[in-house]
Amino acid sequence: MRTTKPLPWPLTQTGSYRVLTFWISDKIRPTNRFYVHSIPLKNVAGEVTGFAGTLIETTHIKEVEVALKNTYEQLEKAQLFSKVMVCHVGLDGTWLKVSPALCETLGYAESELMGKHLKDVTHPEDFPSSWDQCEKLIRGEIKSFDLEIRCVRNDWATVWAYLNCSVVEDAQG
């Protein structure tokens with residue numbers, strides 16, 4: 001085995017710990033990645049006589065990170081051209097992310113729509129029932145809901161929309 005990219009030792013140092021990430025090339029797996037964590041061994045006089053540490057192969061972690069990044073990029077591209085208007089709305093009804101198709105349908109630029117609330121684009125007669133369903137989602141009473149509502153475009157024209165809504169929780173719930 002040989003290193004394919006020499007790196008200075010130590011790469012990072014915190015107290016007496018040294019951390020190094022490096023790549024090793026061999027005939028079986030040409031781009032193995034390893035994480036090395038070491039601590040100096042000292043004699044009674046305090047002199048460093050060697051190092052003890054761990055060597056962990058992290059190639060699979062990098063492969064998963066690359067696959068996840070590619071998946072996100074593909075999803076972003078699909079949303080750019082899809083007529084299915086996937087959007088993200090905060091629990092307070094503010095837009096977090098809007099698709100180009102939604103902006104086109106409602107007649108707003110992305111920057112304009114991002115400064116609005118759901119109430120601003122929902123027909124006044126439809127907002128109470130749609131917001132009631134949103135509140136049930138937030139409280140955990142329902143997992144999702146489907147609703148057909150009227151939306152008010154930027155030019156005050158009315159367009160019908162079919163909503164399928166659910167809460168997406170972060171790691172903390």
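In this predicted model, the second largest pocket encloses about 160 Å³ of space, and its lining is made up of Leu91, Leu137, Ile138, Gly140, Ile142, Lys143, Val167 and Glu169. The largest pocket has a volume of about 1100 Å³ and is lined by 40 residues, of which Cys87, His88, Val89, Asn164 and Cys165 lie nearest its centre. The two linings are set out by class below.

| Pocket | Volume | Nonpolar residues | Polar residues | Charged residues |
|---|---|---|---|---|
| Largest pocket | about 1100 Å³ | 28 | nine | three |
| Second largest pocket | about 160 Å³ | five | one | two |

Several elements share in the lining of the largest pocket: strand 6 (88-89), strand 7 (95-97), helix 2, helix 4, helix 5, strand 8 and strand 9 (158-166) each supply at least two residues, and strand 9 gives the most, with eight residues.

The largest nonpolar core has 17 residues, and those with the most contacts inside this core are Trp95, Val98, Leu102, Leu106, Leu113 and Val121. Helix 2 (100-106), helix 4 (118-121), helix 5 (127-139) and strand 8 (144-152) each supply at least two residues of the core, with helix 5 giving the most, namely four residues. In soluble globular proteins, nonpolar side chains tend to be buried together.

Leu106, one of the core residues with the most contacts, can be followed further along the chain: leaving aside neighbours within four places in sequence, Leu106 is in contact with Leu113, Val121, Cys151, Val152, Arg153, Asn154 and Val159.

Methods. Residues are numbered from 1 along each chain as its sequence is written. This is a predicted model: local features need pLDDT of at least 70, side-chain atom pairs count only at pLDDT 80 or more; totals for chains, interfaces and linings use all residues. Side-chain values use heavy atoms; hydrogens and water are left out. A nonpolar core is a set of buried Ala, Val, Leu, Ile, Met, Phe, Trp, Tyr and Cys residues joined through side-chain atoms within 4.5 Å. Buried means under 20% relative accessible area, exposed over 50%, partly exposed in between (1.4 Å probe, protein chains only). Contact means heavy atoms within 4.5 Å. On a 1 Å grid over the protein atoms alone, a cavity is a set of points where a 1.4 Å probe fits but cannot get out, and a pocket is an open set with protein on both sides within 12 Å along at least five of seven lines; lining residues have an atom within 4 Å of a point. Grid points are joined across faces, edges and corners, and a volume is the space filled by probe spheres set on the points. Ala, Val, Leu, Ile, Met, Phe, Trp, Tyr, Cys and Pro count as nonpolar, Asp, Glu, Lys and Arg as charged, and the others, Gly among them, as polar.
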